[in-house]
Amino acid sequence: MGRSCHVSTPGSRGPAGIYNERGSTMGLKTGERISLDDLGIEVIVTAGGDGSLTTEVSEESLLPGKRFSCETCGAQVLILGRGAGRLICHESPMEIQEPKKSKAAD
């Protein structure tokens with residue numbers, strides 16, 4: 001028998017992520033699009049992980065195209081809109097990813 005699951009976002013049923021029928025988190029799924037209504041932005045999960053995404057209101061800028069990752073589970077998200085706040089996974093702030101340097105840039 002397969003697992004039934006749904007996507008939950010902050011303000012609806014708890015932290016964003018995939019939940020099983022018992023309400024236990026199954027983690028963030030690659031390709032999942034999450035609307036963070038409290039920050040007024042959307043993100044896309046670019047690398048899944050076993051954490052769940054929550055937010056904190058803060059003055060930190062969240063700009064389109066910036067990527068954030070969780071050091072604990074390796075989940076990564078891409079910001080799709082402009083907003084302010086902090087992304088949290090495993091009860092710790094997610095870290096902004098620095099752009100990868102190409103050999104052509106040297």
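Begin by selecting residues 1-14 of this predicted model, where pLDDT stays under 50 and where the model nevertheless has 32 contacts beyond four places in sequence. Extend the selection to residues 18-25, another stretch with pLDDT below 50, for which the model has 25 contacts beyond near neighbours in sequence. If you colour the chain by confidence, strand β1 (residues 6-8) marks the lowest point, with a mean of 38, and strand β7 (residues 67-69) the highest, at 95. For the chain as a whole the average pLDDT is 76, and 74% of the residues score at least 70.

Next, select strand β4, residues 33-36, and show its side chains. Which residues lie on its covered face, and which on the uncovered one? I34 and L36 make up the covered face, whereas R33 and S35 belong to the uncovered face. This pattern can be read against a general rule, that in a regular strand the side chains alternate between the two faces of the sheet.

Keep β4 on screen and add strand β5, residues 41-47, which runs antiparallel to β4 and is joined to it by 4 bridges. To see how the two strands are aligned, pick I34 and look across to V43 in β5, which stands opposite I34. Then follow the chain through the 4 residues that lie between β4 and β5 in this hairpin, stopping at G40 in the turn, where phi is positive, at about 75 degrees.

Now move to the open sheet of 3 strands, whose order is β6-β9-β10 and whose pairing is antiparallel. Its edge strands are β6 (53-62) and β10 (92-93), each of which pairs on one side only. Select β6 together with β9 and you will find 6 bridges between these antiparallel strands; a useful pair to label is E56 and R86, since R86 in β9 is the residue that E56 stands opposite.

Stay with β9 and display the surrounding chain. Why can β9 be described as largely enclosed by the rest of the structure? The reason is that 5 of its 7 residues are buried, and the cut-off behind that word is a relative accessible area under 20%.

Finish on the other side of β9 (residues 83-89), where 2 bridges join it to the antiparallel strand β10. Here C89 stands opposite S92 in β10, and the hairpin formed by β9 and β10 leaves 2 residues between the strands. One residue to select in this hairpin is H90, which takes a positive phi near 55 degrees.

Methods:
Residues are numbered from 1 along each chain as its sequence is written. This is a predicted model: local features need pLDDT of at least 70, side-chain atom pairs count only at pLDDT 80 or more; totals for chains, interfaces and linings use all residues. Side-chain values use heavy atoms; hydrogens and water are left out. Buried means under 20% relative accessible area, exposed over 50%, partly exposed in between (1.4 Å probe, protein chains only). Two strands pair if DSSP finds at least two bridges between them. pLDDT is the predictor's confidence in each residue, from 0 to 100. Contact means heavy atoms within 4.5 Å.
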